[in-house]
Amino acid sequence: MSGRVRSVCAAAAVATALVTMAPAPPAGAAPQPPGESSAALPEQPPQASPASLLTRLRTLYQQAEEATETYKSTDVELKRRQAEEKQLAGSLATARSALARSRGAAGQLARAQYQGGRSELSSYMRLLLARDPQSALEQRQVLDRAARDRQAAVARLARGERQAAELAQASRRALDEQEALARRQQQAKDDVELRLRQVEKLLAGLSPEQLSELARLERQGTATAQRNLLASGALSGTRAPSSEGDRALAYAVDQIGKPYVWGAEGPESYDCSGLTSQAWAHAGRSIPRTSQEQWAELPRVPLNSLRPGDLVIYFPKATHVAMYLGDGLVVQAPRPGTRVKVSPIAANPLLGAVRPDPAAAPLSSYHPPKLPEGATEGVDTGYSAGSGPKEDYAPATSAR
């Protein structure tokens, strides 16, 4: 990205978070599906109002976040399928080895029977013609055992062939599913990069006056949303986290200042759910990787019961997540071009909150983590000043 584009992006994109002030799409309008070309959203005319600019920016960011969630969830599923296919391959190799042994044993039995040493006729003839009936009976028992062994060998051979065939079919199916998931992941990656390029293009085309007005509206809108939320009493009371929540929050605070890179889960960079999932992992509790899975699978708590360490979910499709710090603030990795920071909880439209450790008791004594200098500096959404390099558009290699 050129210096001109970076400077324009840095000055302008602070306004992109003003979702609450941007006019909503018409009722009943179908959401924009990820993966369409840039022509899916018409070019914004130069005389467009700040509100319409915010609407377009919001739409592009939401499409990018939805595609990012698809990318991350597909990545998780792809890794699961790869592990499953590896296990199937090992089982198939074992089954084929056992099948080869069973075929060898069956071949030996077949040769022995062909030679007449163990035919049913020969065994009865030996029994009838034997001079010592007791010896003949003992011989008959040996032959019966041999017959049972032969039947068991044939049964093992049949089972082995069925098992090998089923495992081979399952392995082929797993490989086909891996290929489909890899294609879906690549499509999601392309969708994210397309939307972010559209954001870059839109911001680069704005005049200084438009940028200034968007920044003013962003600051005003965030302040108003935060003030209204606090005045509503939705965040009443001060609570202590659990011991795990305290460790998760301390980890998140330690990451302040590290860059957002979509698809990243540390330790050098994060996306929003990469930060929250890694924070709780370092506290000793595994939670889902994506914000949508966190919203769907973790127990929900009302906003008036929030305690530090809880996860705050944003936007109607649960495409963004932050960690509650207390006092109406969250720790979050906002979007490409920004860094992990402390933000007002109402910086984005709230969907709800979830708690990874609902059964854990709060600490009897709690001291909030000390925030590093500049923890609240920078914008809460969009691109931050002096950042927004193209490398932020690429998914982190650690997330693949």
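Two strands count as paired when DSSP finds at least two bridges between them. Keep that in mind for the sheet below, where, for example, Leu329 has Pro344 in E5 as its bridge partner. One more thing up front: this is a predicted model.

## The overall layout

Let's start with the big picture. The protein chain has eight helices and six strands. Reading from the N terminus, the order is α-α-α-α-α-α-α-α-β-β-β-β-β-β, so you meet the eight helices before you get to the strands.

The chain has 400 residues, and 48% of them count as buried. Now look at contacts between residues at least 6 apart in sequence: 77% of these join residues at least 24 apart.

## The sheet

The six strands make an open sheet, and their order across it is E1-E6-E2-E3-E4-E5, with antiparallel pairing. Which strands stand at the edges? They are E1 (300-301) and E5 (341-344); each has a single partner strand, so one side of each is left without a neighbour in the sheet. As a general point, strands of a sheet pair through backbone hydrogen bonds, either parallel or antiparallel.

You can walk across the sheet pair by pair. E1 and E6 (residues 350-354) are antiparallel over two bridges, and here Arg300 sits opposite Val354. E6 also pairs with E2 through four bridges, again antiparallel; in this pairing Val312 faces Ala353, while Leu311 has Val354 as its bridge partner. On its other pairing, E2 is joined to E3 by four antiparallel bridges, with Val312 opposite Ala322. Further along, E4 (residues 329-332) and E5 run antiparallel and share four bridges. Helix H6 packs on this sheet: it touches E3 and E4, and its direction makes about 110 degrees with that of E3.

## A closer look at E2

Is strand E2 covered or uncovered on its faces? Both faces are covered: Leu311 and Ile313 on one side, and Val312 and Tyr314 on the other, are all buried. The hairpin of E2 and E3 has five residues between the strands, and Phe315 there takes a positive phi near 75 degrees.

Leu311 is worth finding in the viewer. Not counting neighbours within four places in sequence, it is in contact with a list of residues including Thr276, Trp280, Ile287, Leu298, Met323 and Pro356.

## The nonpolar cores

The largest nonpolar core contains 47 residues, and Leu249, Ile256, Trp280, Leu311, Met323, Val331 and Val340 have the most contacts inside it. Several elements each supply at least two of its residues, among them helices H2 (50-114), H4 (133-204) and H7 (272-282), plus strands E2 (311-314) and E3 (320-326). H2 gives the largest share, seven residues. There is also a second, separate core of 15 residues, which includes Leu229, Leu306, Tyr314 and Phe315.

## Helix H7

Is H7 largely enclosed or largely open? Nine of its 11 residues are buried, so this helix is largely enclosed by the rest of the structure. The buried residues include Cys272, Leu275, Thr276, Ala279 and Trp280. Gly284 follows H7 and has a positive phi, near 100 degrees.

## Rings and a charge

How many aromatic pairs are there? The count comes to one. Its members are Tyr71 and Trp262: their ring centres are 4.8 Å apart and their planes are at 75 degrees, so the pair is edge-to-face, since planes over 60 degrees apart fall in that class. The two come from distant parts of the chain, with Tyr71 in helix H2 and Trp262 in the loop between H6 and H7, 191 residues apart. Both Tyr71 and Trp262 are buried.

Another ring has a charge over it. Arg300, which you met opposite Val354, lies over the face of Trp295, at 3.7 Å from the ring centre.

## A buried serine in a loop

Finally, look for Ser242 in the loop between H5 and H6. Is Ser242 buried or exposed? Its relative accessible area is 1%, so it counts as buried, the cut-off being under 20%. Apart from neighbours within four places in sequence, Ser242 is in contact with Arg307, Asp357, Ala360, Ala361, Pro362 and Leu363.

Terms used
Residues are numbered from 1 along each chain as its sequence is written. This is a predicted model: local features need pLDDT of at least 70, side-chain atom pairs count only at pLDDT 80 or more; totals for chains, interfaces and linings use all residues. Side-chain values use heavy atoms; hydrogens and water are left out. A nonpolar core is a set of buried Ala, Val, Leu, Ile, Met, Phe, Trp, Tyr and Cys residues joined through side-chain atoms within 4.5 Å. Buried means under 20% relative accessible area, exposed over 50%, partly exposed in between (1.4 Å probe, protein chains only). Contact means heavy atoms within 4.5 Å. Rings of Phe, Tyr and Trp (its six-membered ring) pair if their centres lie within 6.5 Å; planes under 30 degrees apart count as stacked, over 60 as edge-to-face and the rest as tilted. A charge sits over a ring if NZ of Lys or CZ of Arg is within 6 Å of the ring centre and within 35 degrees of the ring normal. Axes are lines fitted to C-alpha atoms, for helices over the stretch in contact, and angles run from 0 to 180 degrees between N-to-C directions.
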